[in-house]
Amino acid sequence: MTVAVTNIRVEDKLYQNRYVVDAGRPHIRVRPHEWPSVNLYALTGVCPAKCYELNDQGQVEVIADGCMECGTCRVLCEASGDIEWNYPRGGFGVLFKFG
């Protein structure tokens with residue numbers, strides 16, 4: 001029996017999704033901070049859409065365009081108050097091609 005190994009990257013799958021940007025009204029906001037908490041910093045590595053990154057001052061920033069609305073950031077940071085998360089307005093946000 002032969003097993004074919006296929007290397008599929010997350011980026012290749014994310015490319016299939018579409019995102020309708022609600023300009024000027026992001027559904028995620030990072031609260032102001034001098035230094036990120038451990039959980040907030042962790043988002044720079046665990047967000048599957050790579051929406052979180054460190055800026056030059058060592059603060060975590062979010063770019064909500066392309067967010068898959070998976071809830072990872074809500075689980076890690078919403079209870080602590082590090083982020084504010086709301087569902088996007090109707091007609092905006094991620095549009096999954098295959099479901």
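This is a guided tour of a predicted model, stop by stop, with something to select at each one.

**The whole chain**

Start with everything shown as a cartoon. There are 99 residues in the chain, and buried ones make up 25% of them. Colour by secondary structure and you should find 3 helices and 6 strands. Follow the chain along its sequence and the order reads α-β-β-α-β-β-α-β-β. Switch to a C-alpha trace for a moment: its span along the principal axes is about 55 × 30 × 25 Å. If you like contact maps, take the contacts between residues at least 6 apart in sequence; 64% of those join residues at least 24 apart.

**The nonpolar core**

Next, select Ile-28, Leu-40, Leu-43, Tyr-52, Cys-73 and Ile-83 and show their side chains. These belong to the largest nonpolar core, which has 13 residues, and they are the ones that touch the most other members. Which elements give two or more residues to this core? Colour strand E2 (28–30), helix H2 (38–46), helix H3 (72–78) and strand E5 (83–85), and you have them. As background, nonpolar side chains in soluble globular proteins tend to be buried together.

Now centre on Leu-40. Ignoring neighbours within four places in sequence, Leu-40 is in contact with Val-30, His-33, Val-60, Cys-77, Asp-82 and Ile-83. Keep His-33 from that list on screen, since that is where we go next.

**His-33 and its polar partners**

His-33 sits in the loop between E2 and H2. Buried or exposed? His-33 counts as buried, because its relative accessibility is 18% and the cut-off for buried is under 20%.

Turn on distance labels here. The side chain of His-33 reaches the backbone oxygen of Arg-31 at 2.9 Å. A polar atom of the His-33 side chain also lies 3.1 Å from the backbone nitrogen of Val-60. Leaving out residues within four places in sequence, the contacts of His-33 are Leu-40, Gln-59 and Val-60. So Val-60 turns up in two ways: in the contact list of His-33 and as the owner of that backbone nitrogen at 3.1 Å.

**The largest pocket**

Switch to a surface view and select Asp-22, Arg-25, Pro-26, His-27 and Pro-88. The largest pocket holds about 200 Å³ of space, and out of its 14 lining residues, these five are the closest to its centre. Colour the lining by class and you get 7 nonpolar, 2 polar and 5 charged residues.

Stay with His-27 for a bit. His-27 is in the loop between strand E1 (18–20) and E2. What is its relative accessible area? The value is 6%, so His-27 is buried. Show everything His-27 touches, not counting residues up to four places away in sequence: Tyr-19, Ala-64, Cys-67, Glu-69, Glu-84, Trp-85, Asn-86, Tyr-87 and Pro-88. Pro-88 is in that list and is also one of the residues closest to the pocket centre.

From Asp-22, another of those pocket residues, draw a C-alpha to C-alpha distance to Gly-91. The two are 69 residues apart along the chain, yet these atoms are separated by 9.0 Å. Gly-91 is in the loop between E5 and strand E6 (93–95). Gly-91 counts as exposed because its relative accessibility is 64%.

**The cavity**

Hide the surface and select Cys-47, Cys-67, Glu-69, Cys-70 and Cys-73. Among the 13 residues that line the largest cavity, these lie nearest its centre. How much volume does the largest cavity have? About 70 Å³. By class, the lining has 10 nonpolar, 2 polar and 1 charged residues. Cys-73 may look familiar: it was also named among the core residues that touch the most other members.

**Two positive phi angles**

Last stop: backbone torsions. Glu-69, which you have just selected at the cavity, has a phi near 55°, a positive value in a residue other than glycine. Glu-69 is in the loop between strand E4 (60–62) and H3, and counts as partly exposed because its relative accessibility is 25%.

Then jump to Lys-50, where phi is also near 55°. This residue is in the loop between H2 and strand E3 (52–54). At 52% relative accessibility, Lys-50 counts as exposed, since the cut-off for exposed is over 50%.

Technical notes: Residues are numbered from 1 along each chain as its sequence is written. This is a predicted model: local features need pLDDT of at least 70, side-chain atom pairs count only at pLDDT 80 or more; totals for chains, interfaces and linings use all residues. Side-chain values use heavy atoms; hydrogens and water are left out. On a 1 Å grid over the protein atoms alone, a cavity is a set of points where a 1.4 Å probe fits but cannot get out, and a pocket is an open set with protein on both sides within 12 Å along at least five of seven lines; lining residues have an atom within 4 Å of a point. Grid points are joined across faces, edges and corners, and a volume is the space filled by probe spheres set on the points. Ala, Val, Leu, Ile, Met, Phe, Trp, Tyr, Cys and Pro count as nonpolar, Asp, Glu, Lys and Arg as charged, and the others, Gly among them, as polar. A nonpolar core is a set of buried Ala, Val, Leu, Ile, Met, Phe, Trp, Tyr and Cys residues joined through side-chain atoms within 4.5 Å. Buried means under 20% relative accessible area, exposed over 50%, partly exposed in between (1.4 Å probe, protein chains only). Helices (H or I, at least four residues) and strands (E, at least two) are DSSP runs, numbered from the N terminus. Contact means heavy atoms within 4.5 Å. A polar contact is a pair of N or O atoms within 3.5 Å; within protein, one must be able to donate a hydrogen and the other to accept it, and residues adjacent in sequence count only if both atoms are side-chain atoms.
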